[in-house]
Amino acid sequence: MPSKPRWTLLPDAELFYAAQRGARGSMSESRLRFDAGTWRIVGPLRPAGTLAPPGDKSIAHRVLLMAALSNGECRLGGVPNSADVACTAAALRRMGVRIQADGAEWRVTGVGFAGLHPPAGDLDCGNSGTTMRLLCGALAAQAFPTRLSGDESLRRRPMRRVAEPLRRMGARIACLGAQERPPVQIEPAAAPLRGAEHTLEVDSAQVRSAILLAALRASGRTRIRPAGVARDHTERLLHALGARVIRTPESITLHPLRGQTSWNGFDVQVPGDLSSAAFFVAWCAASAHGSLRCVRVGLNPGRACYLEILRRAGARIEITSERQELGEPSGAVRVAGPLRAPLQLAGADVVQCIDEVPALLAAAAVAGVPAQVHDAGELRVKESDRIAALAQLLRAFGACVHESRDGLQLEACAALHPAQVDSYGDHRIAMAAAVLAACAPGESRIDNVDCVRTSYPRFPDDLERLARV
Ligand code: S3P
């Protein structure tokens, strides 16, 4: 017997009420069905309305950490209901930090760097690379040992990139999996950490953040070269909280905290996550008759590059900046499509839009424009091998796509057809699949979608609310 649908969207009010009454036939006429683990979507659907995306996952991890390391009471608003962020919070709680969550409003009582307690057992980072890598930096100078573990996907992700620079500062970090993969064992350092000069192999915000967190307690300054273009949330937050971070186009320099143990308690509102809104923005940019407004969305200049890429491909995008908190700008974005020109993504654009590549390729496939992605080898070590997963996904919907070592080439597609696909346990692949399914005429099915809990558990609700026939 099929399980009961959790959400049902029907083309008009009559069918909607028919479905509410459980009328016969309503199920086959419904356009969206979200059962446990599976989404069924009958396209074509277009988006219309206003979206307030969940709080930014990257910023939320960081403000939680900074709040825990503060010397006071912090109030954090707009914290996303994200399994990844919950892992960071759980790890901090296990080390004695008091965190009370009331929906998106959280209260954190900071304990300062010296106030963390040794946790009993491993700190489980779940699926979250950001939790694991940032904790490596925050815990490198602690006087107690910790072991960081994660789920099957996280255990496949490279950790040498973060362990190696921290070791150069005197940290004792061992990656216990094959080829320096998790679990990660951190032992108390033999002597206080030393500031160091780093030349990074990968332009990664997680690696830079780990170094900066460790550098706060090192003796002497730490310099990272080149400065890179990866998201700079940690630098902005540290600067706003009073740490001495000096940024030039060539380098980032951090002077360790002197005298004071850290910073005072603070209040902050986390802006909405552009990487979550990205799927709705892509859907709208690709559709001829969509219209979408995203409000309270983070507009960090590095991340907003995603909107610029869509604009270059012909989407109409209007951005209104509204506020700035702890160095993070946010505002509203209005989007209309369709895309008309090829999408080109390489170099710095790839670093800044690395999480948006699935949304961008889905948009290009729907709009029937070609797309080229180069220099994106990092996609192979995300929550899934996203190059392989995207190639499979796009082909299943009828697109012609070529996979290379570090990218993808999508040919202009005639028309998509519905498909049955799997998310490979990767939240961004599941949501890109939903965009393709919403635009392909007929019923598509996406399996293994529980992974959206990672960043956007209410994605199906927002899809239902914004979808129009
Ligand atoms: C993130 C940085 C990026 C991004 C990830 C979140 C962060 O990864 O892909 O989803 O919050 O710092 P890298 O640091 O590996 O580039």
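**View 1. The shell of residues around the ligand.** A residue counts as near a molecule if one of its heavy atoms lies within 4 Å of it. By that rule, the ligand is surrounded by Ser-58, Arg-62, Thr-130, Arg-133, Ser-204, Ala-205, Gln-206, Arg-231, Ile-354, Asp-355 and Lys-382. Please keep in mind that this is a predicted model, where local features need pLDDT of at least 70, side-chain atom pairs count only at pLDDT 80 or more, and totals for chains, interfaces and linings use all residues. Residues are numbered from 1 along each chain as its sequence is written, and side-chain values use heavy atoms, with hydrogens and water left out. Five residues of the shell are charged (Asp, Glu, Lys and Arg count as such), four are polar (the others, Gly among them), and two are nonpolar (Ala, Val, Leu, Ile, Met, Phe, Trp, Tyr, Cys or Pro).

**View 2. Side chains that meet the ligand's oxygen atoms.** Polar contacts here are pairs of N or O atoms within 3.5 Å. An N or O atom in the side chain of Arg-62 is 2.6 Å from an oxygen atom of the ligand. For Lys-382, a polar side-chain atom also lies 2.6 Å from a ligand oxygen, while for Asp-355 the distance from a side-chain N or O atom to a ligand oxygen is 2.7 Å. On its own the ligand has 380 Å² of accessible area (Shrake-Rupley method, 1.4 Å probe), and the protein covers 94% of it.

**View 3. Where the ligand lies between the domains.** Domain 1 (11–55 + 271–468) and domain 2 (57–269), with bounds from an automatic or database assignment, both contribute to the shell, so the ligand lies between them. At least two shell residues each come from helix 3 (57–68), helix 5 (129–139) and helix 7 (205–215); helices are DSSP runs of H or I with at least four residues, and strands are runs of E with at least two, numbered from the N terminus.

**View 4. Two cis peptide bonds.** Gly-43 and Pro-44 are joined by a cis peptide bond, with omega near 0 degrees. Pro-44 belongs to the loop between strand 3 (38–43) and strand 4 (46–51). The bond from Pro-182 to Pro-183 is cis too, and Pro-183 lies in strand 11 (residues 181–187).

Conventions. A polar contact is a pair of N or O atoms within 3.5 Å; within protein, one must be able to donate a hydrogen and the other to accept it, and residues adjacent in sequence count only if both atoms are side-chain atoms.
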